[in-house]
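I opened my notebook today to look at one protein model, step by step. Here is what I looked up.

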Amino acid sequence: MQINGKEIFKKGDLMFHLTRMASLEHQDKYLVHATAKSYEDPSEMAELLCDECWRALDEKFEFCFLPYEREILKELAELIYKYFRDGSLLKGEEDGDYLVYHNKSWIEVRELALKTIHIFGYDLGD
């Protein structure tokens with residue numbers, strides 16, 4: 001989809017990935033109490049969100065976001081990248097309970113994802 005010849009960023013995928021990362025309920029169900037048929041890969045969750053944030057920050061999509069939206073997306077992407085790089089984001093990923101409830105890096109990213117959803121004018125119930 002385009003407006004005046006410019007490609008529009010589809011925010012649905014971004015919101016989907018933000019919601020998965022921001023939702024403690026989702027993480028409890030799919031990381032802590034995962035089953036063979038219903039589970040999430042925490043590394044994939046974080047990677048896909050980070051990639052989607054960087055894609056949204058592409059210069060060609062600048063007109064699709066308000067400056068403060070771009071700012072929070074950059075902050076979130078940089079935080080995820082930082083914690084991937086230092087190895088703290090997925091520390092304890094083999095124990096979903098530890099990852100979701102005790103890993104400070106994971107919790108910080110989850111809280112920033114929730115803040116990002118709120119900055120975009122949404123709530124997890126939306």
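Where is the place of phenylalanine 16? I found phenylalanine 16 in helix α1. I kept in mind that I am reading a predicted model.

**Entry 1: phenylalanine 16**
I checked how much of this side of α1 is open. Phenylalanine 16 has a relative accessible area of 48%, and since exposed needs over 50%, I wrote it down as partly exposed. I also looked up a distance: the C-alpha atoms of phenylalanine 16 and glutamate 62 are 20 Å apart, with their places 46 residues apart along the chain.

**Entry 2: glutamate 52**
Is glutamate 52 buried or exposed? Its relative accessible area is 10%, and because buried means under 20%, glutamate 52 is buried. I located glutamate 52 in helix α3. Leaving out residues up to four places away in sequence, I saw that glutamate 52 touches Phe9, Lys10, Asp13, Leu14 and His17.

**Entry 3: helix α6 by itself**
I tested the length of α6, which runs over residues 104-119. At 1.5 Å a residue, its 16 residues should span 22 Å, and the end C-alpha atoms are indeed 22 Å apart, so the two agree. At the N-terminal end, asparagine 103 acts as a cap: one of its side-chain oxygens lies 2.9 Å from the backbone nitrogen of serine 105. Just after α6, I noted that glycine 121 has a positive phi of about 90 degrees.

**Entry 4: the buried residues of α6**
Which residues of α6 are buried? My list includes Trp106, Val109, Arg110, Ala113 and Ile117. I reminded myself that an α-helix has 3.6 residues a turn, so residues three or four places apart point the same way. The buried residues of α6 pack against α1, α2, α3, α4 and α5.

**Entry 5: α4 against α6**
I looked up the angle between α4 and α6: about 165 degrees, with the axes 10 Å apart. That angle is over 145, so α4 is roughly antiparallel to α6. Among the residues making the contact are Tyr68, Ile72 and Leu76 of α4, and Ser105, Leu112 and Thr116 of α6. The crossing of these two helices is left-handed.

**Entry 6: α1 against α6**
Here α1 and α6 pack at about 135 degrees, and their axes are 8 Å apart. This makes α1 oblique to α6. I recorded the crossing of α1 and α6 as left-handed. From α1, Leu18, Thr19, Met21 and Ala22 meet residues of α6 including Trp106, Arg110 and Leu114.

Methods
Residues numbered from 1 in each chain as written. Predicted model: local features only at pLDDT ≥ 70, side-chain atom pairs only at ≥ 80, totals over all residues. Heavy atoms only, no water. Helix = DSSP H or I, 4+ residues; strand = E, 2+ residues; numbered from the N terminus. Expected span 1.5 Å × (residues − 1). Buried < 20%, exposed > 50% of the residue type's maximum accessible area, 1.4 Å probe, protein only. Contact = heavy atoms within 4.5 Å. Polar contact = N/O pair within 3.5 Å; in protein donor to acceptor, adjacent residues only side chain to side chain. Axes fitted to C-alpha atoms, helices over the stretch in contact; angles between N-to-C directions. Parallel < 35°, antiparallel > 145°, perpendicular 65-115°, else oblique. Left-handed = near helix turned anticlockwise from the far one by under 90°.
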